[in-house]
Amino acid sequence: MNDTLLEVNDLVKHFPIKGGILRRTQALVRAVDGVSFSVRRGETLGLVGESGCGKTTAGRTILRLETATAGEVLFDGTDVMSASRKKMQALRRDMQIIFQDPYASLDPRLTVGESIAEGLVIHHLGNTQERRERVREALIRVGMHPSHMQRFPHEFSGGQRQRIGIARALVMEPKLIVCDEPVSALDVSVQSQVLNLLRNLQQEFGLTYLFIAHDLSVVEHISDRVGVMYLGKIVELADRLELFRRPMHPYTKALISAIPVPDPLKRRERIILKGDVPSPINPPAGCRFHPRCWMARDICRTVEPAFEKKASGHWSACHFADEVSERAA
Ligand code: SF4
């Protein structure tokens, strides 16, 4: 069996901005602008970046919840973008998503049991009794009581609702779960419980996660490998430990510097980035990060750095990747 479950090649998603009487395309929002990576079976790939960097759009486009502008997505060897309706239905069972907002992702009119069973009904899986049993099992797996089936989402806390969201995905027995900022809306104390639950379920069921977050410290706790996105592109990708020990992109180094260190004797110098993320409608020429980069030189303003392998399993898009770890801001 192929070790790679998901392969994404040069994925592009542009949103047109229409204007004028004829509603012609006047500009493009380059939300995802040529993203490539793969996810191995049973691993967690973290995708991290500031809000607006395109990570959520990338996740949604991979699942074909958005139509890709260009590129290729192979899931378990199947081309997702060209899959027929019937094939796509089967793929949707194997590729589930957990949303950021547990309040908005559950229909308030449905009981918890009905919400969790929705996918089973859509895909005609099992009879009423079998579905009930699977829902019951999923609730237990996420640490809730089977009696919660009869209750409504508003009766639960944010953390419990996210557990229900996880049960909704889990009940389909998927191979891949795209976790789209699954703990961002939760209190810090609840975040670690949900992360632990996701990790335990992964071990138990051999799940594969694409874990999207804006917070590198969250990604650090759950990922095997981490991809860092900036303005529609992946700028660095490496094993988690390697990335934190030896970042090879100034943007990654800045994100790491913002993570609080629990030991007061080990202070980390914080790198404050200049300005805001530029508009994805008109990204800067050369390296997209150059207006905010303290290491920028002339070449950065004109020549876009290639996303290249710089060390074993370590990829970066920076002309001066080898200098990043050593250089202070
Ligand atoms: Fe900074 Fe230049 Fe590297 Fe871009 S290529 S990250 S501007 S040093």
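**Note on the predicted model: two sheets and a ligand site**

1. Strands β11 and β12 pair in the antiparallel sense, with three bridges between them. The structure is a predicted model. Together β11 and β12 make a hairpin in which two residues separate the strands. Within that turn, G313 has a positive phi of about 70°. Among the bridges, E308 has S316 of β12 as its partner.

2. Strand β12 also pairs with β10. The link between β10 (residues 233-239) and β12 (residues 314-316) consists of two bridges, and the strands run antiparallel. Here E236 has S316 in β12 as its bridge partner. S316 is thus a bridge partner of E308 and of E236.

3. These strands belong to an open sheet of eight strands, in the order β6-β7-β8-β3-β9-β10-β12-β11, with mixed pairing. The edge positions are taken by β6 (95-98) and β11 (308-311), each of which pairs on one side only. From one strand to the next, the twist averages 25°.

4. Two helices that lie across strands of this sheet may be noted. Helix α5 (residues 158-170) lies across β6 and β7 (176-180), and its direction is at about 175° to β6. Helix α9 (residues 250-257) lies across β9 (225-230) and β10, running at about 110° to β9.

5. A second open sheet contains four strands in the order β2-β1-β4-β5, and its pairing is antiparallel. Its edge strands are β2 (24-40) and β5 (78-79), each pairing on one side only. Helix α1 (residues 55-62) packs on this sheet and touches β1 (4-19), β2 and β4. The direction of α1 makes about 115° with that of β1.

6. At the β5 edge, two bridges join β4 (residues 70-75) to β5, and the two strands run antiparallel. F75 has T78 as its bridge partner in β5.

7. The ligand is surrounded by 13 residues, the closest being C287, C293, C300, C318 and H319. By class, the shell around the ligand comprises ten nonpolar residues, three polar ones and no charged ones. Cysteine counts as nonpolar in this division, a point to bear in mind since C287, C293, C300 and C318 are among the closest residues. The space that the ligand takes is the largest cavity.

How values were computed:
Residues numbered from 1 in each chain as written. Predicted model: local features only at pLDDT ≥ 70, side-chain atom pairs only at ≥ 80, totals over all residues. Heavy atoms only, no water. Pairing = 2+ DSSP bridges. Axes fitted to C-alpha atoms, helices over the stretch in contact; angles between N-to-C directions. Contact = heavy atoms within 4.5 Å. Near = heavy atom within 4 Å. 1 Å grid on protein atoms, 1.4 Å probe; cavity = no way out; pocket = protein on both sides within 12 Å on 5 of 7 lines; lining within 4 Å. Sits in = over half its atoms within 2 Å of the grid points.
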